[in-house]
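Open the model in your viewer and keep the sequence at hand. The tour below goes from stop to stop, with something to select at each one.

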Amino acid sequence: MLPFRLVYHERYDLNIGDHVFPSRKYKWLHDRMLWTRFAVKEDFVEPQPASDADIELAHDAGWVRKLQTGTLTYQEILQLEIPYSRRMVEAFWLAAGGSILAARQALECGVGYNVGGGFHHAYADHGEGFCAINDVAVAVRRLQRDGAIHRAMVVDCDVHHGNGTAAIFAGDPSVFTLSIHQFNNYPTDKPPSSLDIHLPDGTGDAEYLNRLGNGYRAALGMFHPDLLLYVSGADPYYEDQLGGLSLTFEGLAERDRLVIRAALGKGIPVAIVLAGGYAESVEDTVTIHANTAKVAKDELEKAGK
Ligand SMILES: [Zn+2]
């Protein structure tokens, strides 16, 4: 068995049909981990959906009600960029429950991995860019409320800026947000994270790893979190349809190693969530997410020795 649990629910699929967001990737990743024998059935744990009270730790009650009752305005649905359905709402509540569970698993085992989540474009009072509920913010707030953690760091390596997360935690000294992303890309409006690393189009492995390493190590040197949430993002990949950076499979795995190793080396548990990935071939996106789990396993085993 793996040295950490994989949090997964078959209803993570947002049920949005033929859409650039490949929400079937969750099941594909789950299945891939089994047939490659990276994991066995017992490595997976199923989350409960977050409660409305959990969601409201990070979101306005009005937004939660609109999602639960299907009373979003036309404008709000446009901004979300995915069709509204009950299944979609359930999937977001499950993803948030999954990130809470992955965060708890991290505190217990050193690493937790949600085979879902990373919906970093969701703000407290509205959704954007395929993200209705910010599962990362909900997980941080729930663990803080439980007294399980005081301080958290969010390291967001999705190719898109973590605007919702940055806005939700703005002015909160207990949460450090780091976002490394392609500057000339969605979202246009980038509310400041604690540390933003804006990258030019076409940035490749070496430059990316250098910029990330410098910023991240400096952040870890001054802020000592009880938990790190790693928004791993498969979309800095050079063949991504919605990304304009040029990372290779190897560069992305090296990125994972950098983030996870530095945290575990300081005794900081790491909860991993997936976020975006829009490679021409969904198989490539699944490979990148699977590699992140492999790196986490290797790093956790090394850290334990
Ligand atoms: Zn993205």
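Select R37 first, in the loop between α1 (25-35) and β2 (44-45). This is a predicted model. R37 is exposed, because its relative accessible area is 76% and the exposed class begins over 50%. Look at its backbone: phi is positive, about 65°, although R37 is not a glycine. Most residues other than glycine have a negative phi.

Next, go to A275. Which loop holds A275? A275 lies in the loop between β8 (270-273) and α10 (282-304). Its phi is also positive, near 60°, again in a residue other than glycine. Is A275 buried or exposed? A275 counts as buried, because its relative accessibility is 6% and the buried class covers values under 20%.

**The zinc site**

Now show the zinc ion and select D158, H160 and D235. The protein donors are two OD entries of D158, the ND1 of H160 and an OD of D235. These donors lie 1.9 to 2.7 Å from the zinc ion. Along the sequence, the spacing of the donor residues reads D-x1-H-x74-D. Both D158 and H160 are buried.

Why is the arrangement around the zinc ion irregular? The four donor atoms subtend angles of 53 to 152°. Four donors count as tetrahedral if all angles lie between 85 and 135 degrees, and as square planar if opposite donors are over 155 degrees apart and all others between 65 and 115. The angles of 53 to 152° fit neither description, so the arrangement is irregular.

**The largest pocket**

Keep H160 selected and add H121, G129, F130 and Y278. These five residues lie nearest the centre of the largest pocket, out of 18 that line it. H160 therefore appears at two stops: among the zinc donors and among the residues nearest the pocket centre.

How much space lies in the largest pocket? The space is about 170 Å³. The lining divides into eight nonpolar, seven polar and three charged residues.

**Strand β5 and the loop after it**

Select T177, in strand β5 (residues 175-182). With 6% relative accessibility, T177 counts as buried. Leaving out residues up to four places away in sequence, T177 touches V154, T165, A166, F169, S193, S194 and L195. Show these as sticks to see what surrounds T177.

Move on to P187, in the loop between β5 and β6 (195-199). The peptide bond joining Y186 and P187 is cis, with omega about -10°. Most peptide bonds are trans.

The loop between β5 and β6 also holds D189. D189 counts as exposed, because its relative accessibility is 56%. What does D189 contact, neighbours within four places in sequence aside? Its contacts are Y123 and N163. D189 and N163 are 26 residues apart along the chain, and their C-alpha atoms are separated by 7.6 Å.

**Helix α8 and the loop after it**

Select R211 in helix α8. R211 is partly exposed, with a relative accessible area of 30%. Apart from neighbours within four places in sequence, R211 is in contact with I197, H198 and L199. Draw a distance from R211 to H198: the two are 13 residues apart in sequence, and 9.4 Å apart from C-alpha to C-alpha.

Then select P225, in the loop between α8 (205-222) and β7 (227-231). P225 is buried, with a relative accessible area of 7%. Beyond residues up to four places away in sequence, P225 touches R151, A152, M153, L220 and I268. For a distance across the model, pair P225 with C131: the C-alpha atoms are 25 Å apart, and the residues are 94 apart in sequence.

**Helix α5**

The last stop is A102, in helix α5 (residues 86-109). A102 counts as buried, because its relative accessibility is 0%. With neighbours within four places in sequence set aside, A102 is in contact with V7, G112, Y113, N114 and A271.

From A102, draw a distance back to D158 at the zinc site. How far apart are A102 and D158 in space? They are 19 Å apart, C-alpha to C-alpha, and 56 residues apart in sequence.

Conventions: Residues are numbered from 1 along each chain as its sequence is written. This is a predicted model: local features need pLDDT of at least 70, side-chain atom pairs count only at pLDDT 80 or more; totals for chains, interfaces and linings use all residues. Side-chain values use heavy atoms; hydrogens and water are left out. On a 1 Å grid over the protein atoms alone, a cavity is a set of points where a 1.4 Å probe fits but cannot get out, and a pocket is an open set with protein on both sides within 12 Å along at least five of seven lines; lining residues have an atom within 4 Å of a point. Grid points are joined across faces, edges and corners, and a volume is the space filled by probe spheres set on the points. Ala, Val, Leu, Ile, Met, Phe, Trp, Tyr, Cys and Pro count as nonpolar, Asp, Glu, Lys and Arg as charged, and the others, Gly among them, as polar. Donors are N, O and S atoms within 2.8 Å of the metal (3.2 Å for Na, K and Ca); water is not among the atoms, so sites may look incomplete. Four donors count as tetrahedral if all angles lie between 85 and 135 degrees; four count as square planar and six as octahedral if opposite donors are over 155 degrees apart and all others between 65 and 115; anything else is irregular. Buried means under 20% relative accessible area, exposed over 50%, partly exposed in between (1.4 Å probe, protein chains only). Helices (H or I, at least four residues) and strands (E, at least two) are DSSP runs, numbered from the N terminus. Contact means heavy atoms within 4.5 Å.
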